[in-house]
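Subject: The structure you asked about

Hi,

Here is the structure for you to open and turn around on your screen. Have a look at it first, then read on for what was found in it.

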Amino acid sequence: MDLRNKITLMALSDITPYENNPRNNEEAVEKVANSIKEFGFNQPIVVDRDNVIIVGHTRYLAAQELGLAEAPVIVAGNLSDEQARAYRLADNKTGELAGWDFEKLALELEQIESIDMDEFGFETHDLDSGSIDDFFEDANTSSEHEQKPKTVTCPHCGEEFEI
């Protein structure tokens, strides 16, 4: 049976995390587990033909934290090893490039009354008090506290890289 690009349930014990995963997922695991509990497992883990994770390490760890025996998976067996490496990096990087329209975000969050969005990483305490301006201020200043990329120069070729 050809499982490529089809969602199937797979035992977590049959899935192998990628040993050189460059993302630090630990901070997000609890929030992703909360999301799975609230909304279900609606975004599958993507694995290669050997069941090594390409995309979805955080979902995998969240599923383990929740004590799940299996998770939805897509086997991307059509990708070469190089494509799998590139996809693993591209999927994470492209997510970093998106930003928020804070006005629209605030309007959306205001309409969610029975679900605690703080469980998923949003800090809605300012919205609870009805102060959208405070929310904008908090949202805009929170990025100031994030680490700025650092530039390093390769001693061999002289090329500069942001880390």
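To start: is R23 buried, partly exposed or exposed? With a relative accessibility of 34%, R23 counts as partly exposed, because that label covers everything between under 20% (buried) and over 50% (exposed). Please keep in mind that this is a predicted model.

Let me give you the overall layout before we come back to that arginine. The chain has 163 residues, and 29% of them are buried. You can pick out 6 helices and 6 strands. Reading from the N terminus, the order of elements is β-α-β-β-α-β-α-α-α-α-β-β.

**Salt bridges**

Back to R23, which sits in the loop between β1 and α1. Its side chain meets that of E96 in a salt bridge, with 3.0 Å from N to O. This pair ties together distant parts of the chain: E96 belongs to helix α3, R23 to the loop between β1 (7-11) and α1 (26-39), and their positions lie 73 residues apart in the count. E96 is partly exposed too, at 46% relative accessibility.

E96 has another partner. K93 makes a salt bridge with E96, and here the closest N and O atoms are 3.0 Å apart. K93 and E96 are both in helix α3, 3 residues apart, which is about one turn of the helix. K93 is partly exposed, with a relative accessibility of 46%. Put the pieces together and R23, K93 and E96 form a network of salt bridges. If you wonder why such pairs turn up, side chains of opposite charge can pair when their charged atoms come close.

How many salt bridges does the structure hold? There are 3. One of them joins R49 and D81, whose closest N and O atoms are 3.7 Å apart. That pair also links distant parts of the chain, since R49 is in the loop between β2 and β3 while D81 is in helix α3, 32 residues apart. R49 is partly exposed at 46% relative accessible area, whereas D81 is exposed at 54%.

**An unusual backbone angle**

In the loop between β2 (45-47) and β3 (53-55) you will also find N51. Its phi is near 65°, a positive value in a residue that is not glycine. That is worth a second look because most residues other than glycine have a negative phi.

**Side chains that reach the backbone**

Which backbone nitrogen does the side chain of D101 reach? The one of K104, at 3.1 Å. D101 lies in the loop between α3 (81-97) and α4, and it is partly exposed, with 40% relative accessibility.

H57 does something along those lines: a polar atom of its side chain lies 3.0 Å from the backbone nitrogen of Y18. You will find H57 in helix α2 (residues 57-65). Is H57 buried or exposed? At 8% relative accessibility, H57 counts as buried, because the cut-off for buried is under 20%.

**Neighbours in space**

Some residues are separated along the chain, so try checking their distances in the viewer. R23 and T58 are 35 residues apart in sequence, and their C-alpha atoms are 9.3 Å apart in space. For F120 and A28, the separation along the chain is 92 residues, and the C-alpha atoms are 8.8 Å apart. F120 is in the loop between α4 and α5, and it counts as buried at 18% relative accessibility.

**A charged patch on the surface**

Last one. Which residues form a negative surface patch? They are E30, E38, E65, D116 and E119. Among them, E119 is placed in the loop between α4 (102-110) and α5 (125-128), and it is partly exposed, with a relative accessible area of 35%.

If you want a route through the model, begin with the network of R23, K93 and E96, go on to N51 with its positive phi, and finish at the negative patch that includes E119.

Happy browsing!

How values were computed. Residues numbered from 1 in each chain as written. Predicted model: local features only at pLDDT ≥ 70, side-chain atom pairs only at ≥ 80, totals over all residues. Heavy atoms only, no water. Patch = residues over 30% accessible without salt bridge, like charges linked within 9 Å, V, L, I, M, F, W, Y side chains within 5 Å. Areas by Shrake-Rupley, 256 points an atom, 1.4 Å probe, with all protein chains shown as cover. Salt bridge = Lys/Arg side-chain N within 4 Å of Asp/Glu carboxyl O. Lys, Arg positive; Asp, Glu negative; His and termini not counted. Charge placed at Lys NZ, Arg CZ, Asp CG, Glu CD. Helix = DSSP H or I, 4+ residues; strand = E, 2+ residues; numbered from the N terminus. Buried < 20%, exposed > 50% of the residue type's maximum accessible area, 1.4 Å probe, protein only. Polar contact = N/O pair within 3.5 Å; in protein donor to acceptor, adjacent residues only side chain to side chain.
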